[in-house]
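User: Hi! I am new to reading protein structures. Could you walk me through this one with some questions and answers?

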Amino acid sequence: MPHPTPNSLTARWRPEFPGLERSVYMNTCSLGQLSRRSMDGMQRFQEQWLSYGASAWYELWLGEMADARARFARLINAQPHEIAILPSVGVALSVIGSSLDFSIRPEVVVTELDFPTIPYQWMARGEEGAELRLLASTDRVQVPLERFAQAIGPRTGLVATTHVLFTSGWVQEIAAIARLAHDAGSLCLVDGYQAAGQIPVDVKAADVDVYISGGLKWLLGGPGIVFMYVREELIPQLHPTTTGWFAAKDMFKFNPERFEMAEDARRFEPGTPAVAAVYAANAGMSIIEEIGVETIRARTAKLDADLIQRLRTAGLEPRLPGDMARHAGIVMLPVDAPAAAVKALKERGIIIDYRPGALRLSPYFYNTEAENQALVDGIVEVLRG
Ligand SMILES: Cc1ncc(COP(=O)(O)O)c(C=O)c1O
């Protein structure tokens, strides 16, 4: 198969990501590439730290946080005051979990294909009354909507599931899931860590109550920063007990006698965030905005299709959904010893990841068809060896 020259989008953006010169990097679903812009952002953070110390830090940092809220809000069609900044998905779930009452509606509906942090959260809250209802997959790719419909009922207090599934790339119908939840009087929370940036997200159209994503992967912002959207009408009804001074309405009053919570999503922020990560994430999201998510989606889908074809030409069979329109970014290739294959590929300068029983491949807009071929050649060599 020919190695076409990179398309213009890829050619324009590759120099922005110097790490692409160091390896064939096909692992954005674990960690997005570091951009020059994010490096500049973190450098700016260091300069401000050096120059101002604590004399202006909150003004500068809170300003950078406000920018980050606004950028993420634009990406998912939300409003900045509906966005909280947190260090990880696990912490975001803990804060939301601490604001729920499981005494009347104890059941939390989750699927076995959600990232384990999601079921763990409700298992850990068993003593508070939470009961996990884990939906099985039919094929390790998806969980049919009928299974949600069957499981959600009058005992369901929360449906907590994922937008793009981390071991299949399947795009769940979050609007339909939210409708099922709401019709039964339940809330709906969506983990969009594998979605925002690489596919269009509209939380208002989907009508979800909580949507979580972050810098690490497709938003190109690195670790340490997660955004949590909470629908504005829901904010005043939730009173997290995992909390701190950032959640106070007037945090700079430092009043130990009275705790009035912020009216906006800041009430879900317990304290000072990983500030360098906020700078890196703003830079990453500025790239996503500049290119446009629709353009990114089209280019990545093309690269996925190209990779799948090259794998098949080499006699390899990826595990894929029947409906490729519902697939995004993550190509799973079942193999016998994935950890050993990942290690051997790393020695050849090819970076991918694995999950139990399969290699996990995830080209992004900055990758090329030539890299797809190098990856396939590497896999063939390693599996033969
Ligand atoms: C879908 C999904 N959710 C959550 C996580 C982990 O979240 P955190 O480490 O921020 O708690 C991952 C992987 O890193 C993921 O793929």
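**Around the ligand**

Analyst: Happy to! Please keep in mind that this is a predicted model. The shell around the ligand is made of four nonpolar, three polar and two charged residues.

User: Which residues are around the ligand?

Analyst: Let's go along the chain. The shell includes S88, V89 and G90, and also F115 and F166. The remaining members are D191, Y193, Q194 and K217.

User: How far is a polar side-chain atom of D191 from a nitrogen atom of the ligand?

Analyst: Polar contacts are pairs of N or O atoms within 3.5 Å. Two other residues give such pairs with ligand oxygen atoms: V89 uses a backbone N or O atom at 2.8 Å, and Q194 uses a polar side-chain atom at 3.0 Å. For D191, the partner is a ligand nitrogen atom, and the distance is 2.6 Å.

User: How much of the area that the ligand exposes when taken alone does the protein bury?

Analyst: Start with the ligand by itself, which exposes 400 Å². Once the protein is there, the buried share of that area is 83%.

**Strands and a loop**

User: Is H163 buried or exposed?

Analyst: H163 sits in the loop between β5 and α7. Its contacts farther along the sequence include W170, V190, D191 and Y211. The relative accessible area of H163 is 6%, and the cut-off is under 20%, so H163 counts as buried.

User: Which residue in β6 does T162 stand opposite?

Analyst: Strands β5 and β6 run parallel and are joined by five bridges. In this pairing, the residue of β6 opposite T162 is D191. D191 is also one of the residues around the ligand, and H163 touches D191. So that you have it at the end, the name you asked for is D191.

User: Why is β6 described as largely enclosed by the rest of the structure?

Analyst: Strand β6 covers residues 187-191. It is largely enclosed because, of its five residues, the number that are buried is four.

**Helices**

User: Which elements do the buried residues of α4 pack against?

Analyst: Helix α4 spans residues 89-97, and its buried residues are V89, A92, L93, V95, I96 and G97. V89 is also among the residues around the ligand. The buried residues of α4 pack against β2, α5, β6, β7 and β8.

User: What separation do the C-alpha atoms of P119 and A160 have?

Analyst: P119 is in helix α5 and is buried, with a relative accessible area of 8%. Leaving aside neighbours within four places in sequence, P119 is in contact with V110, L132 and L134. P119 and A160 are 41 residues apart along the chain, yet their C-alpha atoms are separated by 8.5 Å.

**Backbone angles**

User: What is the phi of N77?

Analyst: Most residues other than glycine have a negative phi. N77 lies in the loop between α3 and β2 and is partly exposed, with a relative accessible area of 39%. N77 is not a glycine, but its phi is positive, at about 60°.

User: And what is the phi of R140?

Analyst: R140 is in the loop between β4 and α6. R140 is partly exposed, with a relative accessible area of 47%. R140 is not a glycine either, and its phi is positive, at about 65°.

Key:
Residues numbered from 1 in each chain as written. Predicted model: local features only at pLDDT ≥ 70, side-chain atom pairs only at ≥ 80, totals over all residues. Heavy atoms only, no water. Near = heavy atom within 4 Å. Polar contact = N/O pair within 3.5 Å; in protein donor to acceptor, adjacent residues only side chain to side chain. Areas by Shrake-Rupley, 256 points an atom, 1.4 Å probe, with all protein chains shown as cover. Nonpolar A, V, L, I, M, F, W, Y, C, P; charged D, E, K, R; others polar. Helix = DSSP H or I, 4+ residues; strand = E, 2+ residues; numbered from the N terminus. Buried < 20%, exposed > 50% of the residue type's maximum accessible area, 1.4 Å probe, protein only. Contact = heavy atoms within 4.5 Å. Pairing = 2+ DSSP bridges.
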